[in-house]
Amino acid sequence: MPKPYTPNDKWARKAKEEGFRARSIYKLQELDEKFQLLHPGMIVLDLGAAPGSWLQYVSGKIGPKGLAIGLDLQKIEKIAPNVVTLEQDIMDLDAVEKIVHEVMGARAQGRKGATSSESSDSSRSGPEGPSGPRTAASSESFLIDLLLSDAAPSTSGIHDVDQWRSIELNQSALAIGKRLLKPGGRCVLKVFQGADFDPFIKDVRSEWKDVHIIKAKTSRDRSTEVYVIAQKA
Ligand SMILES: C[S@@+](CC[C@H](N)C(=O)[O-])C[C@H]1O[C@@H](n2cnc3c(N)ncnc32)[C@H](O)[C@@H]1O
């Protein structure tokens, strides 16, 4: 029989004590320790990033020369100078691609101009990007090192519907990875197991290399979530 839901469990308490915004941090930490995902200087895109515990962890691992871009439907409060956060639906591939190119373009321009504004947090509701008005940026050189997605749909209570929505979010994340990841770059996706899981994994294996499926020790016992790690060919 599954254990009852405990809102204030050990991991939630630990996250609070350590200043992290969510217990999810320990899932990413576990995956990072197992797969050495994060390194100084990396460019990381985090999809479904609110409230931001993964970004807090990523920020420390990539250091001041790295850049993390966090997207979510919800606003993410400021994290650190090497983290840019924006309100964005990750199902809109063109918009996500444009944001990443613009954030990276603005950062590259800032570096060229030897200014102090390497990156800054921002939430976006109008035409302005994180460093002021959006600038046209050539897309070719703006590829990311690592794609993270912990995105989860708001639940309807109908398991199959929720699972399918999670698969849709992951299909979008994979499409974003195909456009934006460097060759050899990895993606980490949260997927809920259910009727659509096996066909989804089959698709991932057909297009990505080195696919791993991991149940995080810190995932709740009653949860069907697993993390899929895959490398771009
Ligand atoms: C489990 S939370 C992520 C927790 C995060 N990794 C952290 O450590 O703080 C899942 C997030 O996915 C987001 N989400 C769901 N659908 C989305 C969509 N279409 N576009 C962007 N974000 C989405 C939700 O708003 C929610 O904040």
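## Aspartate 210 and strand E8

Aspartate 210 sits in strand E8, which covers residues 208-214. The model is predicted. In it, aspartate 210 has a positive phi of about 50°, although it is not a glycine. Is the residue buried or partly exposed? Aspartate 210 counts as partly exposed because it has 13 C-beta neighbours inside 10 Å, and a buried residue needs 20 or more.

## Other backbone features

Glutamine 36 also has a positive phi, near 45°, and is a residue other than glycine. Its place is the loop between helix H2 (25-35) and strand E1. Glutamine 36 is exposed, because 9 other C-beta atoms lie within 10 Å and the cut-off for exposed is 12 or fewer.

A cis peptide bond runs from alanine 50 to proline 51, with omega near 0°. Proline 51 belongs to the loop that links strand E1 (43-47) and H3.

## The chain as a whole

The chain holds six helices and nine strands. It has 233 residues, and buried residues make up 40% of them. Take the contacts with a separation of 6 or more: 66% of these are between residues 24 or more positions apart.

## Strands E6, E7 and E9

How do strands E6 and E7 run, parallel or antiparallel? Strand E6 (residues 144-149) and strand E7 (residues 181-192) run parallel, and five bridges join them. One pairing puts leucine 146 with arginine 186 in E7. Between these strands comes helix H5 (residues 159-180); E6, H5 and E7 make a right-handed β-α-β unit.

E7 also pairs with strand E9 (residues 225-232). Here the strands run antiparallel, with seven bridges. Leucine 189 has valine 228 in E9 as its bridge partner. In a regular strand, side chains alternate between the two faces of the sheet.

## Strands E2 and E3

E2 and E3 pair in the parallel sense, over five bridges. Glycine 70 stands opposite threonine 85 in E3. Strand E3 spans residues 83-87 and is mostly covered. Four of its five residues are buried.

Proline 64 lies in the loop between H3 and E2. With 13 other C-beta atoms within 10 Å, proline 64 is partly exposed. Its C-alpha atom is separated by 7.7 Å from that of proline 81, and the two prolines are 17 residues apart along the chain.

## The nonpolar core

Nonpolar side chains tend to be buried together in soluble globular proteins. The largest nonpolar core in this model has 58 residues. Which members touch the most others? They are Val44, Leu47, Val100, Ile144, Leu147 and Ala173.

Alanine 173 gives a closer view of the packing. Leaving out residues up to four places away in sequence, it touches Leu47, Ile90, Leu147, Ser149, Ala151, Cys187 and Leu189. Among these contacts, Leu47 and Leu147 are also on the list of core residues that touch the most other members. Leu189 is the residue bridged to valine 228 in E9.

## Glutamate 97 on helix H4

Glutamate 97 is found in helix H4 (residues 93-112). It has 16 C-beta neighbours inside 10 Å, so it counts as partly exposed. Not counting residues up to four places away in sequence, glutamate 97 touches Arg179 and Leu180.

Leucine 143 is 46 residues from glutamate 97 along the chain. The C-alpha atoms of the two residues are separated by 9.8 Å.

## The ligand shell

How many residues surround the ligand? The count is 23. The closest are Ser24, Gly48, Ala50, Ser53 and Asp150. Two elements give two or more residues to this shell: helix H3 (53-62) and strand E2 (67-72).

By class, the shell has 14 nonpolar, five polar and four charged residues. Ala50, one of the closest residues, is also where the cis peptide bond to proline 51 begins.

Definitions and conventions
Residues numbered from 1 in each chain as written. Predicted model: local features only at pLDDT ≥ 70, side-chain atom pairs only at ≥ 80, totals over all residues. Pairing = 2+ DSSP bridges. Right-handed = clockwise from strand over helix to strand, strands pointing away. Near = placed C-beta within 6 Å. Nonpolar A, V, L, I, M, F, W, Y, C, P; charged D, E, K, R; others polar. Core = buried A, V, L, I, M, F, W, Y, C linked by C-beta atoms within 7 Å. Contact = placed C-beta atoms within 7 Å.
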